[in-house]
Amino acid sequence: MLEAKSSLSRLVDAIEQGREREIIIARNGRPAAKLVPLGNTPAVKRIGIAKGKFEVPDTIDAHNKDVAHLFLGDLA
């Protein structure tokens, strides 16, 4: 861990330049983290992906107190 802290820039450079595909960082002799390159694919927006595709009625769980309790807890 100490070596990784003191040479993080060099390790990241090795990953960016493709000299290393992955670097395992250990703490007390046990693997703790893996340094890998980020993919070149841009992050895809996932939240709201179905917005406008269907309509959920306001009363979807009006007759199911168990489901409402799972979502709302003691507020149900």
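This report describes a predicted model, beginning with its core and ending with its surface.

## The nonpolar core

The largest nonpolar core is made up of five residues, namely Ala-4, Leu-11, Ile-15, Ile-23 and Ile-25. Two elements, α2 and β1, each give two or more residues to this core. In soluble globular proteins, nonpolar side chains tend to be buried together.

Ile-23, one of the core residues, also shows which parts of the chain meet here. When its neighbours within four places in sequence are left aside, Ile-23 is in contact with Leu-11 and Ile-15, and also with Ala-33, Lys-34 and Leu-35.

## The two sides of helix α2

The buried residues of helix α2 are Leu-11, Ala-14 and Ile-15. These residues lie on the same side of α2, because they cover an arc of only 100° around the axis. An α-helix has 3.6 residues a turn, so residues three or four places apart point the same way.

On the other side of α2, Ser-9 and Glu-16 are exposed. The cover over the buried residues of α2 includes helix α1, which spans residues 2–6, together with the strands β1 and β2. After α2 comes Gly-18, a residue with a positive phi near 85°.

## Two salt bridges

The structure holds two salt bridges. In one of them, the side chains of Arg-19 and Asp-13 meet at 3.1 Å, taken from N to O. Asp-13 has a relative accessible area of 28%, and is therefore partly exposed, since residues from 20% to 50% fall between the buried and the exposed classes.

The side chains of Glu-22 and Lys-34 form a salt bridge as well, with a distance of 3.8 Å from N to O. Glu-22 belongs to the loop between α2 (8–16) and β1 (23–27), whereas Lys-34 belongs to strand β2 (residues 30–35), so this pair ties together parts that are 12 residues apart in sequence. With a relative accessibility of 52%, Lys-34 counts as exposed, while Glu-22, at 40%, counts as partly exposed.

## The surroundings of Glu-22

Glu-22, which is found in the loop between α2 and β1, can be followed a little further. Apart from its neighbours within four places in sequence, Glu-22 is in contact with Ile-15, Lys-34, Leu-35 and Val-36. Of these, Lys-34 is the residue whose side chain meets that of Glu-22 in the salt bridge, and Ile-15 is one of the buried residues of α2.

Another way to place Glu-22 is by its separation from Ser-7, because sequence and space can be set side by side: the two residues are 15 residues apart in sequence and, from C-alpha to C-alpha, 15 Å apart in space.

## An exposed loop residue

Asn-28 is found in the loop between β1 and β2. Although Asn-28 is not a glycine, it has a positive phi of about 55°. Its relative accessible area is 74%, and Asn-28 is therefore exposed.

## A nonpolar patch on the surface

Nonpolar residues also appear on the outside of this model, where Leu-70, Phe-71, Leu-72 and Leu-75 form a surface patch. Taken together, these four residues have about 550 Å² of accessible area.

Leu-70, one member of the patch, lies in helix α3, which covers residues 65–72. Is Leu-70 buried or exposed? Its relative accessibility is 72%, and Leu-70 therefore counts as exposed, since the cut-off for that class is over 50%.

Definitions and conventions: Residues are numbered from 1 along each chain as its sequence is written. This is a predicted model: local features need pLDDT of at least 70, side-chain atom pairs count only at pLDDT 80 or more; totals for chains, interfaces and linings use all residues. Side-chain values use heavy atoms; hydrogens and water are left out. Patches are made of residues with over 30% relative accessible area and no salt bridge: like charges are joined within 9 Å, nonpolar side chains (Val, Leu, Ile, Met, Phe, Trp, Tyr) within 5 Å. Accessible areas come from the Shrake-Rupley method with a 1.4 Å probe; for residues, only the protein chains shown count as cover. Helices (H or I, at least four residues) and strands (E, at least two) are DSSP runs, numbered from the N terminus. Buried means under 20% relative accessible area, exposed over 50%, partly exposed in between (1.4 Å probe, protein chains only). A nonpolar core is a set of buried Ala, Val, Leu, Ile, Met, Phe, Trp, Tyr and Cys residues joined through side-chain atoms within 4.5 Å. Contact means heavy atoms within 4.5 Å. The arc is that of the directions from the helix axis to the C-beta atoms.
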